[in-house]
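Biologist: I would like to go through this model with you, one question at a time. Please give the reasoning before each answer.

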Amino acid sequence: MLPQKERQDIEFIAPMTKEFDAFADDEENYKEVIRSLDNDELYIEEYDVINVKMPQLVSGNVKAEVGEDFYKNVADKINHKFSQAAENQKEMKKDKDLVEDDSKEQHLPEVVIKEIKKSDQSLESIRVLLGEDTRTKKKIYWEYGHPKLENRHILISGKSGVGKTYFMQCLLLELANNNISSLIFDYTDGFKKSKLEPEFKDSLGDRINQFQVQKEGFPVNPFKKNMKEIDEDDFMEESDIDVAERIRSVFSAVYPGMGDQQANAIYRATFNGLKKYGSKMSLQYLKTELENDNSGNAKTVLSKIEPLIDRNPFDIEKEYDWEEHRTKDGIVFVVQLSGFVREVQLIVTEFILWDLWNFNISHGDKSKPFPVILDEAQNLDHSEKSPSAKILTEGRKFGWSGWYATQFMQGQMAKDEIRRLQNAGQKVYFSPPESEINDMASFLSTDTSERKEWANKLSRIGKGQCIVSGPMLKENGELQYGRPAIIDVTSLKERI
Ligand SMILES: Nc1ncnc2c1ncn2[C@@H]1O[C@H](COP(=O)(O)OP(=O)(O)OP(=O)(O)O)[C@@H](O)[C@H]1O
Ligand SMILES: [Mg+2]
């Protein structure tokens, strides 16, 4: 994918006499360049062969690694032309008995592929290819870098096996190739090395980093007091009450059977623990405090959360360096939670999300997207006080880009949670479960007859197809909300 900005900037200059300055449609122009080279229509003067030090394929400040394959391909062809021209020249000289010593031969100029610097690749230029409109065959993009985009969240829904995880890998690949790193919480096993799509794995290679929480323990302390923003640019440290409330809310969201009294036992134990142990407070001490509490609720709740405590999934002696993470280019970082029971996976995810949320409040930057991928998000908490709700409603200003894939919307999630997820600027509907067709259709149109049409379409779309609803780029560069489009997801193979 050649980003928008580079398309406008790229032009071909010397040594070719023909200029290609408008890359409005990169594919077409690419084909045209190759065709011209093949047909010898791009004339390279012998003079240039000797004198041009480095033929430039790009101009302006874009020294492309943009679409590296594209560039390399053209570069190879050009170099080939150079050597051909040089050969011809040698022949000519030979004819004239001018070649006496081969060692004096001029070196051929090399086309050098330069590394793209971070600064060369502006966020504004980034468009993420979603797929091709089934009807018009037009390419449809998530206008990821557009400054007018409401937020960079995406909601992907659809029943099991329709291609949601595959689709996310497509988008992750596109972002990685645009030097944007992403963070995946894998509580589904879907992003284990053995489960990843081969093309995705091969193409990204060691840019996929798996952090095995089971092996190492994630360096986060759930009891850490963070700075909270009380007004714009005005921060204060969280109190014991803030931390105890957070711990209570995470536990009660992950263990749905936990009643108020049990949740309060957790609150009390945390609060007392923080008073006693200060910054040394840990899950182990939470257990001690619950054991010291003789109430029945404390006992019941301890029996529920003991498996988590015994697993000890956090390494509280260390702190994860989110800043370092942020500075990495094009890395796909997987927090691998495989091997834990579901509750432990979710608790760890929620606590890391909190830690990251708190980090981003003071370090996040809206011009530096921080994509966080939550597959099978129906399992997570999106209620008002959850980190996910914060990401969806306030995350934009700190650079959050929340990716949510869900199998179900109804049933497992409350109405307010669904509404919050619908805040995502880009929505993608794969074939839903039968029972959700009408609800999904109502997200696509409020008009009764149109809704029926969408319901019909939703029931007919196949695997690898989806309906996308989000702003599209108009010719004048503005974003416009139009009618949703049915697309064929562009395959990984075609993106590599
Ligand atoms: N566009 C596509 N092109 C080729 N293969 C695809 C495509 N989409 C999905 N597949 C294949 O279909 C299978 C199911 O896809 P995927 O795992 O992405 O479904 P899912 O919607 O995430 O399901 P679940 O909700 O159960 O996790 C995978 O083996 C994947 O390789
Ligand atoms: Mg999946």
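Biologist: Leaving aside neighbours within four places in sequence, which residues is Glu384 in contact with?
Modeller: This is a predicted model, so each answer is computed from predicted coordinates. Glu384 sits in the loop between strand 9 and helix 14 (387-394). Once its neighbours within four places in sequence are set aside, the contacts of Glu384 are Ala389 and Asp416.

Biologist: Is Glu384 buried, partly exposed or exposed?
Modeller: A residue counts as buried with 20 or more other C-beta atoms within 10 Å, and as exposed with 12 or fewer. Glu384 has 13 such atoms, so it falls in between. The class of Glu384 is partly exposed.

Biologist: How far apart in space are Glu384 and Arg420?
Modeller: In sequence, Glu384 and Arg420 are 36 residues apart. In space, taken from C-alpha to C-alpha, the distance between Glu384 and Arg420 is 8.9 Å.

Biologist: What is the order of the strands in the open sheet of eleven strands?
Modeller: Strands of a sheet pair through backbone hydrogen bonds, either parallel or antiparallel. In this sheet the pairing is mixed. The edges are strand 2 (139-142) and strand 5 (208-212), each of which pairs on one side only. From one edge to the other, the order is 2-1-15-12-11-3-10-9-4-8-5.

Biologist: In which sense do strand 11 and strand 12 pair, and which residue of strand 12 stands opposite Val428?
Modeller: Strand 11 covers residues 426-429 and strand 12 covers residues 465-469. Three bridges join them, in the antiparallel sense. Opposite Val428, in strand 12, stands Val468.

Biologist: Which residues are the partners of Ile184 in strand 8 and in strand 9?
Modeller: Strand 4 pairs in the parallel sense with strand 8 (residues 332-336) over five bridges. Strand 4 also runs parallel to strand 9 (residues 370-374), with three bridges between them. In strand 8, Ile184 stands opposite Val334, and in strand 9 its bridge partner is Ile373.

Biologist: Why is strand 4 said to be largely enclosed by the rest of the structure?
Modeller: In a regular strand the side chains alternate between the two faces of the sheet. In strand 4, Ser182, Ile184 and Asp186 point one way, while Leu183 and Phe185 point the other way. Both groups are buried. Strand 4 is largely enclosed because the number of its five residues that are buried is five.

Biologist: How are helix 11 and helix 13 oriented to each other?
Modeller: The axes of helix 11 (residues 296-311) and helix 13 (residues 342-363) come within 10 Å and cross at roughly 65°. Angles of 65 to 115 degrees count as roughly perpendicular. Helix 11 and helix 13 are therefore roughly perpendicular.

Biologist: Which residues of helix 13 make the contact with helix 11?
Modeller: Helix 11 passes helix 13 in a right-handed crossing. From helix 11, the contact uses Pro307, Leu308 and Arg311. By class, the residues of this contact are four nonpolar, no polar and two charged. From helix 13, the residues are Glu343, Val344 and Ile347.

Biologist: How many nonpolar residues are in the contact of helix 8 with helix 13?
Modeller: Helix 8 (residues 240-254) and helix 13 pack at about 145°, with their axes 10 Å apart, and their crossing is right-handed. Helix 8 brings Arg246, Val250, Ala253 and Val254, which meet Glu343, Leu346, Ile347, Glu350, Phe351 and Trp354 in helix 13. The contact has three charged residues and no polar ones, and its nonpolar residues number seven.

Definitions and conventions
Residues numbered from 1 in each chain as written. Chains lettered and ligands numbered in written order. Predicted model: local features only at pLDDT ≥ 70, side-chain atom pairs only at ≥ 80, totals over all residues. Axes fitted to C-alpha atoms, helices over the stretch in contact; angles between N-to-C directions. Helix = DSSP H or I, 4+ residues; strand = E, 2+ residues; numbered from the N terminus. Parallel < 35°, antiparallel > 145°, perpendicular 65-115°, else oblique. Left-handed = near helix turned anticlockwise from the far one by under 90°. Contact = placed C-beta atoms within 7 Å. Nonpolar A, V, L, I, M, F, W, Y, C, P; charged D, E, K, R; others polar. Pairing = 2+ DSSP bridges.
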